[in-house]
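Hi everyone, thanks for coming. I'd like to walk you through one structure today, a few residues at a time. Have a look at it first.

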Amino acid sequence: MTADAASIRSTVDAYCAAFTTGDQAAYVALFTPDAWIEDPVGTPRHEGHEAIGTFFELSSAMAESIELRRTGPVRVAAGECAFPMQARPVIGGATLVVDIIDLMTFDDAGKITTMRAFWDPAEMRPADDA
């Protein structure tokens with residue numbers, strides 16, 4: 001049995017909220033102890049809670065704040081999901097934006113087991129709605 005679609009969507013919402021509010025403990029708690037993330041795809045994986053926590057710290061330190069904003073529906077199938085979002089860092093008082101597709105897998109309890117983020121830093125641009 002895999003996590004149901006409602007649980008997966010709830011985890012995705014909690015993932016975006018925890019990152020946006022800077023709640024490292026809540027963010028890390030969404031992952032299984034042996035989970036890994038690859039963000040962006042093609043970079044080394046961060047495996048386990050400690051490494052995921054370090055990734056969170058390093059990512060958060062790159063900007064004054066970073067909002068993760070879903071820009072479309074969470075598509076769920078067979079214990080996995082894909083969804084579009086934007087990362088919206090504020091750097092030097094200016095809001096930037098980059099479009100991302102996240103792919104996640106989940107355990108039966110709705111915890112994230114893997115996360116892959118497809119995005120290109122070269123595509124970051126000033127937000128036109130900030």
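Let's start with Ser 59: is it buried or exposed? Its relative accessibility is 11%, and buried means under 20%, so Ser 59 counts as buried. You'll find Ser 59 in helix α3, which covers residues 48-60. If we skip the neighbours within four places in sequence, Ser 59 is in contact with Phe 19 and Ile 66. And please keep in mind that this is a predicted model.

Okay, on to the inside. The largest nonpolar core has 31 residues. Which ones have the most contacts inside it? Those are Tyr 15, Tyr 27, Phe 31, Met 104 and Met 115. Quite a list of elements gives two or more residues to this core: the helices α1, α2 (24-29) and α3, plus the strands β1, β3, β5, β6 (94-106) and β7 (112-118). The one that gives the most is α1, with six residues.

Let's zoom in on Met 104 for a second. Leaving out neighbours within four places in sequence, Met 104 is in contact with Val 12, Tyr 15, Gly 79, Glu 80, Cys 81, Phe 83, Ile 112, Thr 114 and Met 115. Two of those names, Tyr 15 and Met 115, you just heard in the list of core residues with the most contacts.

Now for charged side chains. How many salt bridges are there? The count comes to seven, and I'll show you some of them.

Take Asp 13 and Arg 70, whose side chains meet in a salt bridge at 3.1 Å, N to O. Asp 13 sits in helix α1 (residues 5-21) and Arg 70 in strand β3 (residues 65-70), so this pair ties together parts that are 57 residues apart in sequence. Both ends are partly exposed: Asp 13 has a relative accessibility of 39%, and Arg 70 has 34%.

Next, Arg 69 forms a salt bridge with Glu 67, and their closest N and O atoms are 3.1 Å apart. Arg 69 is partly exposed, with a relative accessible area of 31%, and Glu 67 is partly exposed too, at 26%.

Then there's Arg 88 with Asp 129, a salt bridge at 2.7 Å, N to O. Arg 88 lies in strand β5 and Asp 129 in the segment after β8 (125-126), so here the parts tied together are 41 residues apart in sequence. Look at the two ends: Arg 88 counts as buried, at 6% relative accessibility, whereas Asp 129 is partly exposed, at 46%. And here's a nice twist: salt bridges that share partners join Glu 67, Arg 69, Arg 88 and Asp 129 into one network.

Last stop, the backbone. Most residues other than glycine have a negative phi, and most peptide bonds are trans. Where do we find something else? One spot is the bond between Asp 39 and Pro 40, which is a cis peptide bond with omega about -5°. Pro 40 lies in the loop between β1 (31-38) and β2 (46-47).

Another spot is Ala 78, where phi is near 50°, a positive value in a residue other than glycine. Ala 78 belongs to the loop between β4 (75-77) and β5 (80-91). Is Ala 78 buried or exposed? Its relative accessible area is 68%, so Ala 78 is exposed.

That's my tour, thanks for listening!

How values were computed: Residues are numbered from 1 along each chain as its sequence is written. This is a predicted model: local features need pLDDT of at least 70, side-chain atom pairs count only at pLDDT 80 or more; totals for chains, interfaces and linings use all residues. Side-chain values use heavy atoms; hydrogens and water are left out. Helices (H or I, at least four residues) and strands (E, at least two) are DSSP runs, numbered from the N terminus. Buried means under 20% relative accessible area, exposed over 50%, partly exposed in between (1.4 Å probe, protein chains only). Contact means heavy atoms within 4.5 Å. A salt bridge is a side-chain nitrogen of Lys or Arg within 4 Å of a carboxyl oxygen of Asp or Glu. A nonpolar core is a set of buried Ala, Val, Leu, Ile, Met, Phe, Trp, Tyr and Cys residues joined through side-chain atoms within 4.5 Å.
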